Amino acid sequence: MALMRNINRCFYYRLSSSFYRSSVSKKFRHCCIYKNKFSTLALSEIQPYNAVRIDVDEKEIENVVEFYDSLKLQVTESKNKGRSAVWLHIPVKHSALVSEVVISGFTLHHAYNNEIVLYKWLDDTRQNKIPHFATHQVGVCGVVIREDTSELLVTQDKYKPAKWKFPGGLSEFAENIADTAEREVLEETGIVAEFQSVLAFRQHHYLPMAF
């Protein structure tokens, strides 16, 4: 029921199914560092999917062939240790490495914070369980009612001036929908509202834009 304290009630409506938060980097614990003369490959164990994360250093790679050989060795060792997958983080300055890495069996997962992230599923006995990266948008609206007059707050649509709508917009990356509702109501109307509960959800597919 998306109530917002005092003058407010907040209605959330979600335009699509939940998005995947890319929080993998927060879920690993450091295990070891593998170094050689031309680069540093930092290895970390990641708990989800029994995976290993490999970070490529940003410094210049003098011998690309040796780099690929070292990467292949790390993948083989990870598989022999029973790991399910390997995540590979490549700085954008080394984007030229990506094509050969893909040929070696890695799959491009996403690009974020000037990094290209790929993975390779190693467990031949199980289906690949790694989820896709974010492909959905989450839109949130707030229904705000002035309790003493029962007036309903609406705003003029930015793209369709003849129409009116509830204040709302897209959730930012990793933002809770409650925070989105409060932020959008404040940004569009100047009213400070507090989230109370969820009223409803709605889902759409293949929309050119969320609102």
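**Contacts, cores and salt bridges in one chain**

Student: Leaving aside its neighbours within four places in sequence, which residues is Leu-88 in contact with?

Tutor: This is a predicted model, in which local features need pLDDT of at least 70 and side-chain atom pairs count only at pLDDT 80 or more, while totals for chains, interfaces and linings use all residues. Residues are numbered from 1 along each chain as its sequence is written, and side-chain values use heavy atoms, with hydrogens and water left out. Contact means heavy atoms within 4.5 Å. Once the neighbours within four places are set aside, the partners of Leu-88 are Ile-54, Val-56, Leu-71, Val-101, Phe-106, Ile-116, Val-117 and Leu-118.

Student: Which residues have the most contacts inside the largest nonpolar core, and which elements give two or more residues to this core?

Tutor: A nonpolar core is a set of buried Ala, Val, Leu, Ile, Met, Phe, Trp, Tyr and Cys residues joined through side-chain atoms within 4.5 Å. The largest one has 19 residues, and Ile-54, Leu-88, Ile-90 and Phe-106 have the most contacts inside it. Helices (H or I, at least four residues) and strands (E, at least two) are DSSP runs, numbered from the N terminus. The elements that supply two or more residues to this core are β4 (40–46), β5 (51–56), α1 (64–80), β6 (85–91), α2 (98–103) and β8 (115–121).

Student: Is Arg-53 in strand β5 buried or exposed?

Tutor: Buried means under 20% relative accessible area, exposed over 50% and partly exposed in between, with a 1.4 Å probe and protein chains only. The side chain of Arg-53 is joined to that of Asp-55 by a polar contact of 2.8 Å, a polar contact being a pair of N or O atoms within 3.5 Å where, within protein, one must be able to donate a hydrogen and the other to accept it, and where residues adjacent in sequence count only if both atoms are side-chain atoms. Because its relative accessibility is 8%, Arg-53 counts as buried.

Student: What distance separates the C-alpha atoms of Ser-44 and Val-86?

Tutor: Ser-44 belongs to strand β4 and, at 4% relative accessibility, counts as buried. In sequence, Ser-44 and Val-86 are 42 residues apart, and in space their C-alpha atoms are separated by 9.9 Å.

Student: Which residues are joined into one network by salt bridges that share partners?

Tutor: A salt bridge is a side-chain nitrogen of Lys or Arg within 4 Å of a carboxyl oxygen of Asp or Glu. Arg-183, which is buried with a relative accessible area of 18%, forms one with Glu-172, the closest N and O atoms being 3.9 Å apart. Arg-183 also meets Glu-187 in a salt bridge (3.5 Å, N to O), and these two both lie in helix α3, four residues apart, about one turn of the helix. The network formed by shared partners joins Glu-172, Glu-175, Arg-183, Glu-184 and Glu-187.

Student: How much accessible area does the nonpolar surface patch containing Trp-164 have?

Tutor: Patches are made of residues with over 30% relative accessible area and no salt bridge, like charges being joined within 9 Å and nonpolar side chains (Val, Leu, Ile, Met, Phe, Trp, Tyr) within 5 Å. Trp-164 lies in strand β13 (residues 164–165) and counts as exposed because its relative accessibility is 56%. Accessible areas come from the Shrake-Rupley method with a 1.4 Å probe, and for residues only the protein chains shown count as cover. Together, Leu-152, Val-154 and Trp-164 have an accessible area of about 310 Å².
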